[in-house]
Amino acid sequence: MAEYVLRRALYGLLVVALVTVFVFLTLRLIPGDAVRLQLADAPGVSEEQVAALAAQLGLDQPLLTQLGTFVTDAARGDFGTSFQSQEPVTALIADRLPTTLQLGVMAMLVSVLLGIPLGLLSAARQNSWLDQGLRVVSVAGISVPNFWLGLLLVTYLALWFGWSPPLVYRTPGEDLGSNLVHMALPALALGVAGMAAIARMLRSSLLEVLRSPFVRTVRAKGASETRVFVHAVRNSLVPVFTLVGLQVGSILGGTVILESIFGIPGMGMLIFESVQLRDYPVVLGCVVVYGAVFVLVNLVVDLLYGVIDPRIRYA
């Protein structure tokens, strides 16, 4: 087990490193001069001032030198200093990360707590009108972009019911009720696609297990259909857990737009603002943290396989 965890951790570090390099190079391809954007409000900027700020920010160095400096510092937990606010990136992330984690956890709860019952119900009523309706809902849930669904929720709740989420974000410590209300719609918008995917996966996996030889054996021994169904559900959960781990990436990516739409000051909004301002250290620091969270969650999901199905062994 220890060898397996170590191997997966090394693979995870490689994934985070490759994603960081990709984002680093992609940021340099975005139109716009990062140095001039920092001086946009200063009147009569000279070329000497631009060159001096570029040297101060380290942007006058070759790309490979800049990348090497960032990777070396990041390995020590130092993501540099924000171009815009001059604050340490680690401090900015530490301030925003709890908000995004709360939103992500709430979205995952929406996905799991709604997706699993819908998948079970759909499999139990196979080919019925209820099953057909749930399958249509699942396809629609997967197809609709989460940011568009978020805009629809805000617009039509305001038009039909005269209600909109609080305009000012409150932390759970300041006002728990206001915080949960503010988070409810973006969590729902983020979680719908995961809910639909989990429901479809569970239905397909459960129907496949119900046709397997061991289920016929259980029935032949006189077990009730309820007990047969319970046995089949446990054996069909492994692919669902895999999907749950993969949904973390979709949820983290969705926070970038949805936090901006709903005015939630999390890491998603921080990335959105930093990309517009070409604040490279902040964007790269957030990408590293997002990648680490994704790798960690998927490692935990892999380790849970053995709990769900004792037949699974780690090699």
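## Gly115 in helix H5

Gly115 is buried, with a relative accessible area of 0% in this predicted model. Its place is in helix H5, which spans residues 89-124. If you set aside neighbours within four places in sequence, the residues in contact with Gly115 are Val110, Met195, Ile198 and Ala199.

A useful distance to keep at hand is the one from Gly115 to Ser138: the two C-alpha atoms are 9.1 Å apart, with their positions 23 residues apart in sequence. Ser138 is itself one of the buried residues of H6, and H5 is among the elements that cover those buried residues.

## The two sides of helix H6

Helix H6 takes in residues 129-143, 15 residues in total. From its first C-alpha to its last it reaches 21 Å, close to the 21 Å expected at 1.5 Å a residue.

Which residues of H6 are buried? They are Asp131, Leu134, Ser138 and Gly141. These four lie on the same side of H6, because they cover an arc of only 85 degrees around the axis. The general rule behind such a pattern is that an α-helix has 3.6 residues a turn, so residues three or four places apart point the same way. On the other side of H6, Trp129, Val136 and Ser143 are exposed. The cover over the buried residues includes helix H5 and also helix H8, residues 176-210.

## Helices H8 and H11

H8 also packs against H11, at an angle of about 155 degrees and with 9 Å between the axes. Angles over 145 degrees count as roughly antiparallel, and H8 and H11 are therefore roughly antiparallel to each other. Their crossing is right-handed. On the H8 side, the residues making the contact include His182, Leu185, Pro186, Ala189, Leu190 and Ala193, along with Ile198 and Met201. On the H11 side, they include Leu237, Pro239, Val240, Leu243, Ile251, Thr255 and Phe262. Ile198 is thus part of the H8 contact with H11, and Ile198 is also in contact with Gly115.

Thr255 deserves a closer look. This residue belongs to helix H11, residues 237-262. Is Thr255 buried or exposed? Its relative accessibility is 0%, so Thr255 counts as buried. Beyond its neighbours within four places in sequence, Thr255 is in contact with Thr100, Leu103, Leu190, Gly268, Met269 and Tyr290. Leu190 is among the H8 residues in the H8 and H11 contact.

## Helices H9 and H10

Another helix pair is formed by H9, residues 213-220, and H10, residues 225-235. They pack at an angle of about 155 degrees, and their axes are 10 Å apart. That angle makes H9 roughly antiparallel to H10. H9 passes H10 in a right-handed crossing. H9 contributes Phe214, Val215, Val218 and Arg219 to the contact, while H10 contributes Glu225, Val228, His231 and Asn235.

## Three loop residues

Pro166 sits in the loop between helix H7, residues 146-161, and H8. With a relative accessible area of 24%, Pro166 is partly exposed. Not counting residues up to four places away in sequence, Pro166 touches Ser178, Val181 and His182. Pro166 and Leu151 are 15 residues apart in sequence, and their C-alpha atoms are 15 Å apart in space.

If you check backbone torsions, look at Asn127 and Arg278. Asn127 has a positive phi of about 65 degrees although it is not a glycine. Asn127 lies in the loop between H5 and H6 and counts as exposed, at 52% relative accessibility. For Arg278, a residue other than glycine, phi is near 55 degrees, again a positive value. Arg278 is found in the loop between helix H12, residues 267-276, and helix H13, residues 280-308. Where Asn127 counts as exposed, Arg278 counts as buried, at 13% relative accessibility.

## The chain as a whole

How many helices and strands does the chain have? There are 13 helices and zero strands. The C-alpha atoms fill a box of roughly 85 × 55 × 35 Å along the principal axes.

Of the 315 residues of the chain, 40% count as buried. Among contacts in the chain with a separation of 6 or more, residues 24 or more positions apart account for 72%.

Conventions
Residues are numbered from 1 along each chain as its sequence is written. This is a predicted model: local features need pLDDT of at least 70, side-chain atom pairs count only at pLDDT 80 or more; totals for chains, interfaces and linings use all residues. Side-chain values use heavy atoms; hydrogens and water are left out. Helices (H or I, at least four residues) and strands (E, at least two) are DSSP runs, numbered from the N terminus. The expected span of a helix is 1.5 Å times one less than its number of residues. Buried means under 20% relative accessible area, exposed over 50%, partly exposed in between (1.4 Å probe, protein chains only). The arc is that of the directions from the helix axis to the C-beta atoms. Contact means heavy atoms within 4.5 Å. Axes are lines fitted to C-alpha atoms, for helices over the stretch in contact, and angles run from 0 to 180 degrees between N-to-C directions. Angles under 35 degrees count as roughly parallel, over 145 as roughly antiparallel, 65 to 115 as roughly perpendicular and the rest as oblique. A crossing is left-handed if the near helix is turned anticlockwise from the far one by less than a right angle, and right-handed if clockwise.
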